[in-house]
Amino acid sequence: QVQLVESGGGLVQPGGSLRLSCAASGFTFITYTMRWYRQAPGKERELVASITSTGDRTNYADSVKGRFTISRDDAKNTVYLQMNTLKPEDTAVYYCNANKRAIFKEYVYWGQGTQVTVSS
């Protein structure tokens, strides 16, 4: 059974930090690109950060570059999102995503999401 379980969300003041975790199980974690998405109320889901299966390349949305860092620990089957200098506009539900493309099929898994609220 495939599971992606996010944790680490919560309420934080502007300028603060949070670290999100996503624990994976039920699939071969090391072969998957991992991504964090977020969705704010009334907005479309947007890609925040991604890391390749080998961990050698990362990408970030312009809005979070220099503030967020994605990383993975393959020994723990976990991907992280370190979020610093948080802003109110970072408020959203954050979702973990696992993706692998094979020749004839794409494998995509989603977590249930964790709420991040940035407010004073």
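This briefing describes one sheet and two loop residues of the structure above. The model is predicted. Its open sheet is built from four strands in the order E1-E3-E8-E7, and the pairing between them is antiparallel. The two residues considered after the sheet are Asp-90, which lies in the loop between strands E8 and E9, and Gly-8, which is placed in the loop between E1 and E2.

**The sheet**

- Strand E1 (3-7) and strand E7 (68-73) stand at the edges of the sheet, and because each has a single partner strand, one side of each is left without a neighbour there.
- From one strand to the next, the twist averages 15°.
- Five bridges join E1 to strand E3, which covers residues 18-25, and the two strands pair in the antiparallel sense; Leu-4 has Ala-24, in E3, as its bridge partner.

**Asp-90**

- The loop that holds Asp-90 runs between strand E8 (78-83) and strand E9 (92-101).
- Asp-90 counts as buried because its relative accessibility is 1%, and buried means under 20%.
- When neighbours within four places in sequence are left aside, Asp-90 is in contact with Arg-38, Arg-67, Phe-68, Thr-85, Val-116 and Val-118.

**Gly-8**

- Gly-8 has a relative accessible area of 33% and is therefore partly exposed, since that class lies between the buried limit of 20% and the exposed limit of 50%.
- Not counting residues up to four places away in sequence, Gly-8 touches Leu-18, Arg-19, Leu-20 and Thr-114.
- Although Gly-8 and Gln-115 are 107 residues apart along the chain, their C-alpha atoms are separated by 8.7 Å.

Terms used: Residues are numbered from 1 along each chain as its sequence is written. This is a predicted model: local features need pLDDT of at least 70, side-chain atom pairs count only at pLDDT 80 or more; totals for chains, interfaces and linings use all residues. Side-chain values use heavy atoms; hydrogens and water are left out. Two strands pair if DSSP finds at least two bridges between them. Axes are lines fitted to C-alpha atoms, for helices over the stretch in contact, and angles run from 0 to 180 degrees between N-to-C directions. Buried means under 20% relative accessible area, exposed over 50%, partly exposed in between (1.4 Å probe, protein chains only). Contact means heavy atoms within 4.5 Å.
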